[in-house]
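Me: Please take one part of this model and look at it closely. Start with a single residue, then work outwards. Short sentences, please.

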Amino acid sequence: MLVKALMDRGMFALMGLPTCKQVEEFAYDFLEGALDAKTARRLERHLKACKNCQRFMVAYRKTRDLEASAPRPPLDPSFKEEIFKFLTKESI
């Protein structure tokens with residue numbers, strides 16, 4: 001497994017593509033459309049070639065979508081006040 005990961009990393013570097021670690025680091029910005037066009041294209045090329053990163057990106061997207069669709073209960077105003085007091089006290 002380690003040898004395969006090292007070979008993949010080297011292969012992607014030789015192709016001028018991001019490594020699997022960089023795909024993980026760019027995932028949020030990629031899904032948000034915040035990457036520059038060149039980086040996004042390079043990441044897409046990596047994804048076409050790497051099954052592990054494809055699976056990672058599918059799971060990452062599902063997690064992001066679930067989080068975004070989760071109901072957000074209203075925050076108790078007294079809790080907000082306590083947090084504000086704590087943060088104000090801690091910043092002094």
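**Glu-32 and its surroundings**

Reply: Glu-32 has a relative accessible area of 43%, so it counts as partly exposed (buried is under 20%, exposed over 50%, partly exposed in between; 1.4 Å probe, protein chains only). This is a predicted model: local features need pLDDT of at least 70, side-chain atom pairs count only at pLDDT 80 or more, and totals for chains, interfaces and linings use all residues. Residues are numbered from 1 along each chain as its sequence is written, and side-chain values use heavy atoms, leaving out hydrogens and water.

What does Glu-32 pair with? Its partner is Arg-64, in a salt bridge (a side-chain nitrogen of Lys or Arg within 4 Å of a carboxyl oxygen of Asp or Glu). The closest N and O atoms of Arg-64 and Glu-32 are 3.3 Å apart. This pair links distant parts of the chain. Glu-32 sits in the loop between helix 2 and helix 3, while Arg-64 lies in helix 4 (residues 51-69). They are 32 residues apart. Helices are DSSP runs (H or I, at least four residues), numbered from the N terminus. Arg-64 is partly exposed too, because its relative accessibility is 25%. Glu-32 and Arg-64 also belong to a network of salt bridges that takes in Asp-65.

Now the helices on either side of that loop. Helix 2 covers residues 20-31, and helix 3 covers residues 37-49. Their axes (lines fitted to C-alpha atoms over the stretch in contact) come within 11 Å. They cross at roughly 125 degrees. Helix 2 and helix 3 are therefore oblique to each other. On the helix 2 side, the contact (heavy atoms within 4.5 Å) is made by Cys-20, Val-23, Phe-26 and Phe-30. Helix 3 brings Thr-39, Ala-40, Leu-43, Glu-44, His-46 and Leu-47.

How many salt bridges does the structure hold? There are four. One of them joins Arg-72 to Glu-67, with N and O 3.0 Å apart. Arg-72 counts as exposed because its relative accessibility is 57%. Its partner Glu-67 has a relative accessible area of 46%, so it is partly exposed. Another salt bridge joins Lys-85 to Glu-81, at 3.7 Å from N to O. These two are four residues apart in helix 5 (residues 77-91), so about one helical turn separates them. Lys-85 is partly exposed at 45%, and Glu-81 is partly exposed at 47%.

Definitions and conventions: Axes fitted to C-alpha atoms, helices over the stretch in contact; angles between N-to-C directions. Parallel < 35°, antiparallel > 145°, perpendicular 65-115°, else oblique.
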